[in-house]
Amino acid sequence: MFHSPQLKRKRARLASHPSGEFPTSLQPTAARRYAHSIFRAVGIASTILRMFTQESLTQALAPRAVRYLPRTGSSNDDALAWLADGAPDGAVVITDEQTRGRGRLGRIWHAPPGSALLLSIVLRPHPAHLPQLTMLGALAVCELVESYGVGNADIKWPNDVRVNGRKISGVLPEAAWNGDRLSGAVLGIGFNLKVDFNGTPFEHTATSLSRQMASEVSALDTLTRLLASVDRWRARLGQAALYQAWRVRLALGGRVQVAGHDGALQGVAEDVTAEGALLLRLESGALRRVLAGDVFEV
Ligand code: BT5
């Protein structure tokens, strides 16, 4: 999410690694090394699989500018570097393996090689539309899942897409600033295509498209559908239609605990605003606008 206190931090963070160097908080740590090996522990990462090639992607996604990296640190960093280098609106970086895939607040995004869509889309939005990038990503993923006839997909505020209550995807928009001027943004999307979570800490909380479908799905077909949906909606950034399409897919109405910058709050997740804030009805009856945080069902 892009809100003023965070924007300031984001500016500082992005300014600190113009050459693609990771800021200290994102340097590989023991936890990160562990992250990369949680799938190795169940023998999945021992076979290096590649779903894509540069040729197959260039052909399937023409005329879009596309860069394929068999393995990288984080596709968001590659897209940010390409953005700084003049990548056009809609350019996309796709990888089959990330060694430092990240979620919000430097959390780890886990995906064994060749089993997930891992991509970052370069966008050049109006600064006023930054708060809608999370919506755009989550909505596009929901539509992707729905396009395969898989029901029970919803969005857990702010950026998780779930199927039957299990996370299938997470989106991570990041902005790049040049002083006070927005240079652009990247929209990172991790989507579990055929990740086998058995025996991992995510066995009961995550799922993959392959698990939800009777037949195998093509990675290229999934990617093409996802990008078509992103394109459809990015042309409507700032419009009420985007907000409404996102809003109807959100899991609302339940009792939740929200862990945010100012500690934890409990209440009912009542609604969301067009800027992407969560409206939480507190026990006192007051309505609190929450700009960023993690939601837990209670
Ligand atoms: C997210 O963060 O959900 C955003 C994830 C964005 C990943 C993409 S991949 C392409 C691009 N390049 C990057 O480096 N990142 C983006 P957050 O809401 O903070 O959720 C992170 C949490 O989700 C972790 O702490 C785990 O609990 C859980 N998690 C990690 N990997 C998962 C997976 N594959 N499936 C389901 N849950 C996962």
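How many other C-beta atoms lie within 10 Å of Asn164, a partly exposed residue? The count is 13. This is a predicted model, and Asn164 is taken up again under the loops.

## Overall fold

The chain has 298 residues, and 42% of them count as buried. It holds 8 helices and 12 strands. Take the contacts with a separation of 6 or more: residues 24 or more positions apart account for 65% of them.

## Ligand shell

The ligand is surrounded by 29 residues. Ser74, Gly103, Gly170, Gly188 and Gly190 are the closest. By type, the shell divides into 11 nonpolar, 13 polar and 5 charged residues.

Four elements each supply at least two residues of this shell. They are helix H4 (75–84), strand S3 (116–123), strand S6 (166–178) and strand S7 (181–192).

## Strands S3, S6 and S7

Strand S7 is mostly covered, with 10 of its 12 residues buried. S7 pairs with S6 in the antiparallel sense over 10 bridges. One pairing sets Gly170 opposite Gly190 in S7. Both glycines are among the residues closest to the ligand.

S3 and S7 also run antiparallel, joined by 8 bridges. Here Ile121 has Leu187 of S7 as its bridge partner. The hairpin of S6 and S7 has 2 residues between the strands. In that hairpin, Gly179 takes a positive phi near 65 degrees.

## The open five-stranded sheet

Another set of 5 strands forms an open sheet. The order is S11-S10-S9-S8-S12, with antiparallel pairing. Strand S11 (287–290) and strand S12 (294–297) are the edges, and each pairs on one side only. From one strand to the next, the twist averages 45 degrees.

S12 pairs with strand S8 (residues 255–260). That antiparallel pairing spans 4 bridges. Within it, Ala259 stands opposite Asp294 in S12.

## Helix H8

Helix H8 (residues 240–247) has three named buried residues: Leu242, Tyr243 and Trp246. They lie on the same side of H8 because they cover an arc of only 100 degrees around the axis. The face turned away from this buried side carries exposed Ala240, Ala241 and Gln244.

What do the buried residues of H8 pack against? Their partners are helix H5 (132–147), strand S4 (153–156) and helix H7 (219–234).

## Loops and unusual backbone

Two cis peptide bonds deserve a check in the viewer. One runs from Ala62 to Pro63, with omega near 10 degrees. Pro63 is found in the loop between helix H3 (54–61) and strand S1 (66–69). Another joins Trp157 and Pro158, with omega about 0 degrees. Pro158 is found in the loop between S4 and strand S5 (160–163).

Two asparagines have positive phi. For Asn152, phi is near 60 degrees, in a residue other than glycine. Asn152 sits in the loop between H5 and S4. With 12 other C-beta atoms within 10 Å, Asn152 is exposed. For Asn164, phi is near 50 degrees, again a positive value in a residue other than glycine. Asn164 sits in the loop between S5 and S6. Why is Asn164 classed as partly exposed? Its C-beta count within 10 Å is 13, and the exposed class stops at 12 while the buried class starts at 20.

Methods. Residues are numbered from 1 along each chain as its sequence is written. This is a predicted model: local features need pLDDT of at least 70, side-chain atom pairs count only at pLDDT 80 or more; totals for chains, interfaces and linings use all residues. Two residues are in contact if their C-beta atoms, placed from the backbone, lie within 7 Å. A residue is near a molecule or strand if its C-beta atom, placed from the backbone, lies within 6 Å of it. Ala, Val, Leu, Ile, Met, Phe, Trp, Tyr, Cys and Pro count as nonpolar, Asp, Glu, Lys and Arg as charged, and the others, Gly among them, as polar. Two strands pair if DSSP finds at least two bridges between them. Axes are lines fitted to C-alpha atoms, for helices over the stretch in contact, and angles run from 0 to 180 degrees between N-to-C directions. The arc is that of the directions from the helix axis to the C-beta atoms.
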